[in-house]
Amino acid sequence: MYQQMIFVNLATADVDASKKFFTELGYAINPQFSTDDCACVMISDTIVAMLLSKQRYADFTKKEIADSTKTSETLICLSAESREKVDELVDKAIAAGGTATGETQDHGFMYGRAFDDLDGHTWEVMWMDPAAVEG
């Protein structure tokens, strides 16, 4: 059965620093699709972050590239299997040089935190109680 994938393409100021950052979060870099101009970060089997140098990113758009440290161009939200896993990933991101952003969201059945990566892209990490989803 076909499994649709998502490729999130993000501009980065420093490909090597971004590789190091995401490796420290526990993600693998796929060398088959990585070069000096881009890093292919495997978030899961179906989620891939392509971190492109600004020069390489510009090859895919005629639009001005947002300065993600000043402008929000996207909010990326990843699920986590527990509240503890939310905290673990966000704490790793902060330890690796990321910045905590926003307020912790705790609604009992749903819990989330967020961080900005080295380039200012916002990554939300969220857990939702499966019982709340079921009904």
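**Entry 1: the elements**

Before counting anything I fixed my terms: helices (H or I, at least four residues) and strands (E, at least two) are DSSP runs, numbered from the N terminus. With that settled, I read the elements of the protein from the N terminus on as β-α-β-β-β-α-β-α-β-β-β-α. The tally is 4 helices and 8 strands. I remind myself that I am looking at a predicted model.

**Entry 2: overall dimensions**

I checked the radius of gyration next. For 135 residues a compact globule would come out near 14 Å, and the protein has 15 Å, which agrees. Along the principal axes, the C-alpha atoms fill a box of roughly 45 × 40 × 30 Å. I then asked what share of the 135 residues counts as buried. It is 36%. The protein exposes about 8,500 Å², and carbon and sulfur atoms supply 50% of that area. I also looked at contacts with a separation of 6 or more: residues 24 or more positions apart account for 51% of them.

**Entry 3: the sheet with β1**

Here I traced an open sheet of 4 strands, in the order β1-β4-β3-β2, with mixed pairing. Why do β1 and β2 each have a side without a neighbour in this sheet? β1 (6–12) and β2 (28–29) stand at the edges with a single partner strand each, so one side of each stays without a neighbour. I followed β1 to its partner β4 (residues 47–53): the two run parallel and are joined by 7 bridges. One pair I noted is Thr12, whose bridge partner in β4 is Ser53.

**Entry 4: the sheet with β5**

Moving on, I found another open sheet of 4 strands, with the order β5-β8-β7-β6 and mixed pairing. Its edges are β5 (75–79) and β6 (99–106); each has a single partner strand, so one side of each is left without a neighbour in the sheet. I looked up the turn between neighbouring strands here, and on average it is 20 degrees, direction ignored.

Then I went through the pairs of strands.

- β5 and β8 pair in the parallel sense over 5 bridges. In β8, Trp123 is the bridge partner of Ile76, and Met126 is that of Ser79.
- β7 and β8 are antiparallel, over 7 bridges. Phe115 has Trp123 in β8 as its bridge partner.
- β6 and β7 (residues 110–116) run antiparallel and are joined by 5 bridges. Asp106 has its bridge partner in β7, namely Tyr111.

I was pleased to see Trp123 come up on both sides: it is a bridge partner of Ile76 and also of Phe115.

I stopped at the connection between β7 and β8 as well. The two strands form a hairpin with 5 residues between them, and Gly120 in the turn has a positive phi of about 90 degrees.

**Entry 5: the faces of β5**

Which side chains of β5 point to one face and are buried? They are Ile76 and Leu78, while Leu75, Cys77 and Ser79 point to the other face and are not buried. I looked at Cys77 on its own too. Its relative accessible area is 42%, and since partly exposed runs between 20% and 50%, Cys77 falls in that class.

**Entry 6: cysteines**

How many disulfides does the structure hold? I found 0. Cys40 is in no disulfide; the nearest cysteine sulfur belongs to Cys38 and is 7.4 Å away. A disulfide would need the two sulfur atoms within 2.5 Å. Cys40 has 3% relative accessibility and therefore counts as buried.

**Entry 7: helix α3 and Glu24**

I turned to helix α3 (residues 83–95) and asked which strands it lies across. They are β5, β6, β7 and β8 (122–128), and the helix runs at about 10 degrees to β7.

My last stop was Glu24, which lies in helix α1 (residues 15–24). Its relative accessibility is 36%, so I logged Glu24 as partly exposed. Leaving out residues up to four places away in sequence, Glu24 touches Lys92 and Ala96. I also looked up its separation from Ala95: the two residues are 71 apart along the chain, and their C-alpha atoms are separated by 8.8 Å.

Key:
Residues are numbered from 1 along each chain as its sequence is written. This is a predicted model: local features need pLDDT of at least 70, side-chain atom pairs count only at pLDDT 80 or more; totals for chains, interfaces and linings use all residues. Side-chain values use heavy atoms; hydrogens and water are left out. Two strands pair if DSSP finds at least two bridges between them. Axes are lines fitted to C-alpha atoms, for helices over the stretch in contact, and angles run from 0 to 180 degrees between N-to-C directions. Contact means heavy atoms within 4.5 Å. The radius of gyration is taken over C-alpha atoms; the globule rule is 2.2 Å times the number of residues to the power 0.38. Buried means under 20% relative accessible area, exposed over 50%, partly exposed in between (1.4 Å probe, protein chains only). Accessible areas come from the Shrake-Rupley method with a 1.4 Å probe; for residues, only the protein chains shown count as cover.
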